[in-house]
Amino acid sequence: MKMQVSGPKSEYLANEQSLLAAAAKPSRLLREEEVVSGLGKEIELGREEALLYLKILREGGIPKAEKNRSTEVLLSRGMILLSGDGSRFIALHPRLGIANYFRTYQERVSRELRERRMRVDKLILELIPVYEATMEKRLASGAGSD
């Protein structure tokens with residue numbers, strides 16, 4: 001009898017199990033549109049880049065001569081690299097390539113949030129004297145009329 005656990009951890013485990021089950025069935029066709037959509041939604045990869053990434057995964061690489069803007073994007077995100085002999089672009093293992101990109105994305109977003117927080121704190125420091133001056137005037141006018 002399996003124990004049912006609910007919450008984010010159980011959802012993660014269920015997702016991991018379904019991914020492993022799908023991977024264990026090589027005859028099952030890859031649902032290309034769902035994958036392309038997921039790459040776009042989850043890691044902000046354009047449609048052309050997502051399709052190229054899938055092509056490189058499926059074919060084991062593409063000739064270096066096919067270099068274009070999409071290959072540049074995938075290279076910059078660390079999802080593909082140039083083969084050892086320099087003749088082809090090959091994909092990193094998805095676990096490594098996508099996880100590395102997501103980690104750098106997460107770090108960039110965290111840095112942007114920290115910088116934004118510093119700007120907000122600066123605005124707060126500029127607004128505090130305005131508020132305090134208004135409160136002092138209010139108190140002074142209230143105290144003088146008593």
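This report walks through a predicted model of a protein, from its overall make-up to a few individual residues.

## The big picture

Let's start with the parts list. The protein has five helices and three strands, and reading from the N terminus the order is α-α-α-β-α-β-β-α. Of its 146 residues, 17% are buried. The accessible surface adds up to about 11500 Å², with carbon and sulfur atoms contributing 59% of that.

As for contacts along the chain, take those with a sequence separation of 6 or more: 46% of them link residues 24 or more positions apart.

## The sheet

The three strands make an open, antiparallel sheet, ordered β1-β3-β2. At the edges sit β1 (62–63) and β2 (80–82), each of which pairs on one side only. As a bit of background, strands in a sheet pair through backbone hydrogen bonds, and they can do that in a parallel or an antiparallel way.

Now for the pairings themselves. Strand β3 (residues 88–91) is joined to β1 by two bridges, running antiparallel, and one bridge pair there is Ile62 with Phe89 of β3. On the β2 side, three bridges hook up β2 and β3, again antiparallel, and Ile80 sits opposite Ala91 in β3. The hairpin of β2 and β3 has five residues between its strands, and in that hairpin Gly86 has a positive phi near 75°.

## Helix α2 and the residue after it

How does the length of α2 compare with what 1.5 Å a residue predicts? It agrees: the twelve residues should span 16 Å, and the end C-alpha atoms of α2 are indeed 16 Å apart.

The buried residues of α2 are Val36, Leu39 and Ile43. These cover an arc of only 85° around the axis, so they end up on the same side of α2. That fits a familiar bit of helix geometry: with 3.6 residues a turn, residues three or four places apart point the same way. Turned away from the buried side of α2 is a face that carries the exposed residues Glu34 and Lys41.

Next comes Glu44, in the loop between α2 (32–43) and α3. Its phi is worth a look: Glu44 follows α2 with a positive value, near 55°, and Glu44 is not a glycine. For context, most residues other than glycine have a negative phi. Is Glu44 buried, partly exposed or exposed? Glu44 counts as partly exposed because its relative accessible area is 44%, which falls between the 20% and 50% cut-offs.

## Helices against the sheet

Helix α3 (residues 47–59) packs on the sheet and touches β1, β2 and β3, with its direction at about 95° to that of β3. With 13 residues, α3 reaches 18 Å from first to last C-alpha, close to the 18 Å expected at 1.5 Å a residue. Its buried residues are Glu49, Ala50, Leu52, Tyr53, Leu54 and Ile56. After α3 comes Gly60, with a positive phi near 80°.

Helix α4 lies across β1, β2 and β3 too, and runs at about 100° to β2.

## Zooming in on Ser70

Ser70 belongs to helix α4 (residues 69–76). Why does Ser70 count as buried? Its relative accessible area is 5%, and buried means under 20%.

Which residues does Ser70 touch, once neighbours within four places in sequence are set aside? Its contacts are Glu48, Glu49 and Leu52. Two of these names may ring a bell, as Glu49 and Leu52 are among the buried residues of α3.

## His93, after the sheet

His93 lies in the loop between β3 and α5 (94–145). With a relative accessible area of 53%, His93 is exposed, the cut-off for that being over 50%.

How far is His93 from Ile80, in sequence and in space? The two are 13 residues apart along the chain and 8.9 Å apart from C-alpha to C-alpha. Remember that Ile80 is the residue opposite Ala91 in β3, while His93 is in the loop that comes between β3 and α5.

How values were computed: Residues numbered from 1 in each chain as written. Predicted model: local features only at pLDDT ≥ 70, side-chain atom pairs only at ≥ 80, totals over all residues. Heavy atoms only, no water. Helix = DSSP H or I, 4+ residues; strand = E, 2+ residues; numbered from the N terminus. Buried < 20%, exposed > 50% of the residue type's maximum accessible area, 1.4 Å probe, protein only. Contact = heavy atoms within 4.5 Å. Pairing = 2+ DSSP bridges. Axes fitted to C-alpha atoms, helices over the stretch in contact; angles between N-to-C directions. Areas by Shrake-Rupley, 256 points an atom, 1.4 Å probe, with all protein chains shown as cover. Expected span 1.5 Å × (residues − 1). Arc of directions from axis to C-beta.
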